[in-house]
Protein chains: 2
Amino acid sequence: MKKKSIKDIAQDLGVSKTTVSFVLNKKGDEKNISKKTQKVILDYIEEVGYQPNQIAKSLKNGTTNTIGYLVPDISNPFYAKIGRMIEDLLWEKGYHLLIGSTDEKKEKEELLLNMFVNRQVDGLIIASCFIKGDVLKSLSRQNFPMVFFDREDPEFLANYILVENKNPMKEAIQKTIDKGAKKIGLLSITPDVYSLKLRIDGYKQALTDNALEYDENLLRIVDYNHIKESAQKELKYLIEAGVDVVVFTNNQITATAIWLMNMHYPEKVKEITFVSFDNLDIFDYSMPRVISIAQPIMSIARQSVDILEEVIKNKESKNTRIELKPKLIER
Amino acid sequence: MKKKSIKDIAQDLGVSKTTVSFVLNKKGDEKNISKKTQKVILDYIEEVGYQPNQIAKSLKNGTTNTIGYLVPDISNPFYAKIGRMIEDLLWEKGYHLLIGSTDEKKEKEELLLNMFVNRQVDGLIIASCFIKGDVLKSLSRQNFPMVFFDREDPEFLANYILVENKNPMKEAIQKTIDKGAKKIGLLSITPDVYSLKLRIDGYKQALTDNALEYDENLLRIVDYNHIKESAQKELKYLIEAGVDVVVFTNNQITATAIWLMNMHYPEKVKEITFVSFDNLDIFDYSMPRVISIAQPIMSIARQSVDILEEVIKNKESKNTRIELKPKLIER
DNA sequence: ACGATTTAGTAAACCGATTTAGCAAAACCG
DNA sequence: CGGTTTTGCTAAATCGGTTTACTAAATCGT
């Protein structure tokens, strides 16, 4: 017994497709379908367990009630948690989430974007590694509903939900300097991403504000494709250089470094302080001590959904830029 | 300049939709379209940046190249990581992932399942909280391509990718008993899930094997809807009861308990040992010491995808049941 | 009782692709 | 040169819904 379509139902009951469609969409009264016919149809629907084909609906309506969520890695807790909140917020509005992880690769990002667009998603929520790519440019020109979060390209006008980067990073580092830090290193993944660059700027600013020498050898870049090995090498460099504070530009790299410290330098975990952009629960008790900058995950999700909903409704793009304040967690 | 359809292209070039469609699908030669016409069409396609409407394709073909991934919580690292691997594996085969989090709620699970089916997903990968529900039963009757992982219902025949539960749990606990553990408590979320029940059985078995008394007061159930508060209460109970080992049935509850121990009982973290089904990186260095049972995440993802692909291809369901071996990590 | 309105419903076009069946012109064959 | 085959292309049906335009019968108003 294969699945029934509206046509089958109409035939079985000896009415027209139109009538069935009206009743299914609760337009029975409005369209003058008699109560009796309505009941017959509804009962039969119930009996055979009819389920509408959303694909057909989407084709006709031109809307899929699906949103694309494009991030570097959906299994990174930051993106996973925001994704989960977005899922819940959209669920209430009848939307669902199609996901894609870019691995910070431009090529994959563009393939995924095209895939999303081909599937007629109604909108996109994106943490892009390469905002100025052709596909995004072209979508932007067409006023395709999009909201960018976590990362921006200042030369690309769009809807952004961001978190202040430079100052909070500077202030977090200042706390360690106030407590006597003298030699401060930094570990980051690719600084090509503008938001990460701003965080690094905050680091530099903190140093110069305090008349500490900025030694570019203490700014180490980790290879995203081999995080563990690369971080191990760079962390070793910093420790041997005698730093008392290490700064990280995102949670993933901090978590890796905490693990590395405990595995390879357990005797040093008490002497060194970490500063992390992004927060994780484990920072509450892990060693080394971590001063972290917690991003307002819930707000990011909520604002992204709100703005996206707005641009989907009013086809005009407004290029809203919202900058949220992160929270400094000392410890 | 709105998006062009095949019809527009055909009109613009003065050929038929059929011809355009053939060329787009690389059937030009086979269908005797002259090289010249093919080139004209391909060039024009390129020029206007034509993108096919997947929704229309799907409606006609009856296949969406989309798989539904249904889990209790996509932001739980276990499901997030498996999801990510599945995403990558499916990506190579041209499939994409639609996600849904059930929050262990039967009602939400069934709404999501219907949503997935309505959207005509080609298959489902599911960690279900309620396998015997009506929707799954009905899908199973229709031979809908599905693979279940992480959780099973022994009375429900289906494709399962599982991990052995009882014995590994028993053996992990045995290690602590060998080292002198006397009073062993357990913390779990809902034991209605059969796999969790098996883990709990392993716990009971370990006790009886060693002639330790099984005290059901030491088996504490945490409310999934208020994990932190509830875990705090139950953990407190166990600690005050004087346990020297606490066993957990999944990573989420272990992570919560580690945090609670460090926050509320820092003086006890050295005296107590944790046993956790599921592993997390932090267990490598966190206190209390954790003996964990690491699930073979990569294999789970790979097998799920392989089996699903198979059942999608051969519409017959085979009800394969694969049980993988987890790995004990002592520390 | 007769025209106007309301009730109850339907046929057909449409969304954007794929695919079957078929047609006209050109090329081939003996 | 007449018949067959090949080449090059197209009209129309289809997937499963929604929606517009329309009709026939019943009811209403006077």
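Four helices come together around DNA strand D: α2 (17–24) and α4 (54–61) of chain A, and α2 (17–24) and α4 (54–61) of chain B, each supply at least two residues of the surface near this strand. Keep in mind as you look that this is a predicted model. In total, 28 residues surround DNA strand D, and the closest are Ile6(A), Ser21(A), Thr18(B), Thr19(B) and Thr37(B).

Which parts of the DNA face the protein? Of the atoms of DNA strand D within 4 Å of the protein, 53% belong to sugar or phosphate, and the rest belong to bases. You can find examples of each kind in chain A. The side chain of Ser21(A) has an N or O atom 2.7 Å from a phosphate oxygen of DNA strand D. The side chain of Thr18(A) places an N or O atom 3.3 Å from a base oxygen, and a polar backbone atom of Ala56(A) is 3.4 Å from a base nitrogen.

Now let's move to helix α8 of chain B, residues 166–178. With 13 residues at 1.5 Å a residue, this helix should span 18 Å, and its end C-alpha atoms are indeed 18 Å apart, so the two values agree. Which of its residues are buried? They are Pro168(B), Met169(B), Ala172(B), Ile173(B), Thr176(B) and Ile177(B). The spacing in that list is worth a look: an α-helix has 3.6 residues a turn, so residues three or four places apart point the same way. What covers the buried residues of α8(B) includes α9 (194–209) and the strands β6 (184–188), β8 (245–248), β9 (273–277), β10 (289–294) and β12 (327–329) of chain B. Just after the helix, Gly180(B) takes a positive phi of about 110 degrees.

Two of those covering strands also bring us to the aromatic rings. Over all chains there are 14 aromatic pairs. One of them joins Phe248(B) and Phe274(B) edge-to-face, with 4.6 Å centre to centre and 70 degrees between the planes. This pair links distant parts of the chain, since Phe248(B) lies in strand β8 and Phe274(B) in strand β9, 26 residues apart. Phe248(B) counts as buried because its relative accessibility is 0%, and Phe274(B) is buried too, with a relative accessible area of 0%.

Rings can also gather in groups or meet a charge. In chain A, ring pairs link Tyr69(A), Phe78(A), Tyr79(A) and Phe149(A) into a cluster. Elsewhere, the charged end of Arg199(A) sits over the ring of Phe277(A), 3.8 Å from its centre. In chain B, the charged end of Arg220(B) sits over the ring of Tyr237(B), 3.8 Å from the centre of that ring.

Conventions
Residues are numbered from 1 along each chain as its sequence is written. Chains are lettered from A and ligands numbered from 1 in the order in which they are written. This is a predicted model: local features need pLDDT of at least 70, side-chain atom pairs count only at pLDDT 80 or more; totals for chains, interfaces and linings use all residues. Side-chain values use heavy atoms; hydrogens and water are left out. The expected span of a helix is 1.5 Å times one less than its number of residues. Buried means under 20% relative accessible area, exposed over 50%, partly exposed in between (1.4 Å probe, protein chains only). Contact means heavy atoms within 4.5 Å. Rings of Phe, Tyr and Trp (its six-membered ring) pair if their centres lie within 6.5 Å; planes under 30 degrees apart count as stacked, over 60 as edge-to-face and the rest as tilted. A charge sits over a ring if NZ of Lys or CZ of Arg is within 6 Å of the ring centre and within 35 degrees of the ring normal. A residue is near a molecule or strand if one of its heavy atoms lies within 4 Å of it. A polar contact is a pair of N or O atoms within 3.5 Å; within protein, one must be able to donate a hydrogen and the other to accept it, and residues adjacent in sequence count only if both atoms are side-chain atoms.
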